[in-house]
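These are my notebook entries from a first look through this structure. I wrote down each item as I looked it up.

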Amino acid sequence: SICNTGIREFPDLTQIFSSEAHFILELCDNLRMTTIPQNAFQGMNNESLTLKLYKNGFEDIHSHAFNGTKLNQLILKDNRNLKRIHNDALRGATGPDVLDISSTALESLPSYGLEAIQILNATSSYSLKRLPTLDKFSSLLEAVLTYPSHCCAFRNLRTEKQNSLLSIFDNFSKQCEITMRKPTREIFYRDDSYNTSLWSAEKNMYALAADEETFPYSYSDMFDDSEMTGFEFEYDFCQPKILTCTPEPDAFNPCEDILGYSFLRVLIWFINILAIAGNFTVLLVLITSHYKLTVPRFLMCNLSFADFCMGLYLLLIASVDAQTSGQYYNHAIDWQTGSGCSTAGFFTVFASELSVYTLTVITIERWHTITYAMQLDRKLRLRHAVPIMLGGWVFSILIAVLPLLGVSSYMKVSICLPMDIETGLSQAYILLILVLNVVAFIVICACYIKIYIAVQNPELVAANKDTKVAKRMAVLIFTDFTCMAPISFFAISAAFKVPLITVTNSKILLVLFYPVNSCANPFLYAIFTKAFQRDFFLLMSKLGCCKSRAELYRMNYFSAYASNCKNGSSAPGP
């Protein structure tokens with residue numbers, strides 16, 4: 001034991017020659033000792049060696065550091081500055097059976113020398129976000145790790161290993177059952193071919209049992225004493241031992257890829273391409289139009305931008321899912337704790353809240369325009385709409401930033417939504433968002449009920465175009481919120497810690513319902529309208545395309561303008 005010293009250089013231990021069967025070296029609390037050099041323990045012991053190297057100042061372990069040793073346990077815990085173990089640090093060594101790297105700053109494990117490890121302890125190793133390939137852990141029986149997602153990898157390894165062992169065990173059991181009443185001499189001397197077969201099967205079993213991967217039990221456990229008479233069994237049967245791993249994945253992070261289902265992986269690309277392309281087209285056409293920027297156009301620009309951001313969120317999620325498919329467990333920590341997930345989460349919350357806010361303002365503007373159609377002095381102007389939408393932007397940005405400041409979190413789930421409700425403040429945050437969305441839905445419903453009543457009133461003289469727009473938007477916005485209703489319902493239940501569906505199933509709602517409005521809005525609100533089609537073809541004519549269609553729209557516009565002038569009314573608006 002060499003502990004609590006001021007030694008700066010690693011001591012020369014090669015002069016120690018112990019004949020003890022289980023030699024233990026304890027090296028601890030030597031904070032000025034920063035490296036373990038090559039061949040540091042060579043020749044110390046020819047038998048089992050336990051190295052307890054904890055709470056030192058180690059930062060690096062060199063190549064072949066454990067060369068020439070038969071390691072039973074290698075304890076490196078609480079070396080908080082240890083960032084690197086050379087890939088060949090264990091080359092030339094036998095073992096270890098137990099490796100403890102808890103509370104270290106290691107970012108990776110060596111790629112060589114892990115095959116003999118039966119117990120791996122890596123708790124509080126927060127920098128260890130990726131594990132080596134699973135075939136390196138061929139003898140692993142127990143793993144205690146930091147991140148639940150890493151246990152998903154060992155769950156797959158456990159299934160494959162268990163199936164392999166069960167197959168061998170089943171074949172061996174059948175051979176013994178067929179010949180169990182034959183005397184030992186017949187088995188091993190009278191039938192050389194069968195002797196070879198049985199010996200090969202038993203040898204395979206013991207190759208697996210040699211590193212204690214199996215539970216041994218004897219033939220006497222399987223047969224009655226009367227059936228064992230005249231037999232000489234020298235080997236044990238084996239049954240597979242289950243690999244255990246903690247912490248187990250929780251309900252928020254099940255062992256699956258980001259999107260979970262294969263059909264969602266296809267649908268999300270279709271939806272995000274439509275959302276990005278459609279909303280970008282609407283923004284481009286409305287911004288470049290030579291017509292006056294009216295309040296409806298201004299509001300539609302804001303809605304298109306919000307839905308465009310939702311498309312970016314879907315693109316990020318779909319891209320990362322495609323890159324990590326089948327191995328998400330090895331990328332989960334980097335993704336969920338990194339800037340990528342935070343960016344995706346910000347985009348989706350900002351886009352969702354700005355979209356709901358804008359839809360509410362559009363509805364109120366439609367109701368106000370129709371209700372006060374004959375009172376031009378009460379008409380909503382652009383100077384009124386700009387500060388209203390500025391307030392919506394500030395609100396949406398604030399709501400989206402709060403999870404980055406510790407109120408809830410985007411890191412809780414792989415799809416980067418603020419589902420963390422562990423604290424009272426986080427729970428209040430989620431409930432606030434849901435309640436505001438429900439209030440917005442109620443306001444929209446109330447406004448359109450009033451619009452419908454106003455349109456049906458023969459005493460109200462409303463412009464024909466306002467009536468048509470009101471009817472169309474009534475259907476569209478009501479449909480939008482109908483799509484959001486199931487998400488709000490399940491989200492409210494989850495916020496009260498009574499989840500009605502799993503995270504896996506919620507991904508279906510989030511792909512099929514949550515972003516579908518962002519995909520549909522640009523088409524239903526703008527692209528399918530005559531005003532947008534006119535602006536689109538006029539823009540294309542400037543680029544040398546669709547000139548005949550653009551000229552037709554110009555003629556129709558001036559015809560309508562001349563007709564209105566004769567009737568004493570203003571030119572038709574866009």
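**Entry 1: the link between Cys 151 and Cys 245.** I began with the torsion about the S-S bond of Cys 151 and Cys 245, which in this predicted model comes to about -80 degrees, so I noted the disulfide as left-handed. I then looked up where the two partners sit: Cys 151 belongs to helix 1 (residues 148–179) and Cys 245 to strand 13, so that the pair links distant parts of the chain, 94 residues apart. The two sulfur atoms are 2.0 Å from each other, and I recorded both Cys 151 and Cys 245 as buried.

**Entry 2: the link between Cys 152 and Cys 255.** Helix 1 also holds Cys 152, and I asked which cysteine is joined to Cys 152. The partner is Cys 255, with an S to S distance of 2.1 Å. Here too distant parts of the chain are linked, since Cys 255 lies in the loop between strand 13 and helix 5 (262–288), 103 residues away from Cys 152. The torsion about this S-S bond is about -85 degrees, and the disulfide is therefore left-handed. I checked the burial of each partner separately: Cys 152 is buried because its relative accessible area is 7%, a value under the 20% cut-off, whereas Cys 255, with a relative accessible area of 33%, is partly exposed.

**Entry 3: the link between Cys 341 and Cys 416.** In the next disulfide the sulfur atoms of Cys 341 and Cys 416 are 2.0 Å apart. The link is left-handed, with -125 degrees about the S-S bond. Cys 341 is in helix 8 (residues 339–371), while Cys 416 is in the loop between helix 9 and helix 10 (424–456), and the pair, 75 residues apart, again connects distant parts of the chain. Cys 341 counts as buried because its relative accessibility is 0%, and Cys 416 is likewise buried, with a relative accessible area of 0%.

**Entry 4: the count, and two cysteines left over.** The number of disulfides comes to four. When I numbered the bonded cysteines in sequence order, the pairing read 1-2, 3-5, 4-6, 7-8. I then asked why Cys 445 has no bond to Cys 447. The sulfur of Cys 447 is the closest cysteine sulfur to that of Cys 445, but at 9.5 Å it is too far for a bond. Cys 447 is in no disulfide. With a relative accessible area of 22%, Cys 445 is partly exposed, whereas Cys 447 is buried, at 9%.

**Entry 5: the sheet.** I followed the strands next and found an open sheet of eight strands with parallel pairing, in the order 1-2-4-6-8-9-10-13. Strand 1 and strand 13 (244–246) are the edge strands, each of which pairs on one side only. Strand 13 is also where I had placed Cys 245. At the other edge, strand 1 (residues 2–3) pairs with strand 2 (residues 22–28) over two bridges, and Ile 2 stands opposite Leu 27. Strand 2 pairs in turn with strand 4 (residues 48–54) over seven bridges, where Cys 28 has Tyr 54 as its bridge partner. Strand 4 then pairs with strand 6 (residues 70–75) over five bridges, with Leu 49 opposite Leu 71.

**Entry 6: the annotated spans.** I turned to the unreviewed UniProt entry, whose annotation "transmembrane region" covers residues 266–287, 299–320, 344–364, 385–408, 428–453, 474–496 and 508–528. I looked up two of these spans in the model. Residues 299–320 are 100% helix and 0% strand, with their end C-alpha atoms 32 Å apart. Residues 428–453 are also 100% helix and 0% strand, and there the end C-alpha atoms lie 37 Å apart.

**Entry 7: Ser 396.** My last lookup was a residue of helix 9 (residues 382–401), Ser 396. I asked whether Ser 396 counts as buried or exposed. Ser 396 counts as buried because its relative accessibility is 0%. Its side chain reaches the backbone nitrogen of Leu 354 at 3.2 Å. Leaving aside neighbours within four places in sequence, I listed Phe 350, Glu 353 and Leu 354 as the residues in contact with Ser 396.

Conventions
Residues numbered from 1 in each chain as written. Predicted model: local features only at pLDDT ≥ 70, side-chain atom pairs only at ≥ 80, totals over all residues. Heavy atoms only, no water. UniProt positions renumbered as here; feature names shortened; annotations may be inferred. Helix = DSSP H or I, 4+ residues; strand = E, 2+ residues; numbered from the N terminus. Pairing = 2+ DSSP bridges. Buried < 20%, exposed > 50% of the residue type's maximum accessible area, 1.4 Å probe, protein only. Polar contact = N/O pair within 3.5 Å; in protein donor to acceptor, adjacent residues only side chain to side chain. Contact = heavy atoms within 4.5 Å. Disulfide = S-S within 2.5 Å.
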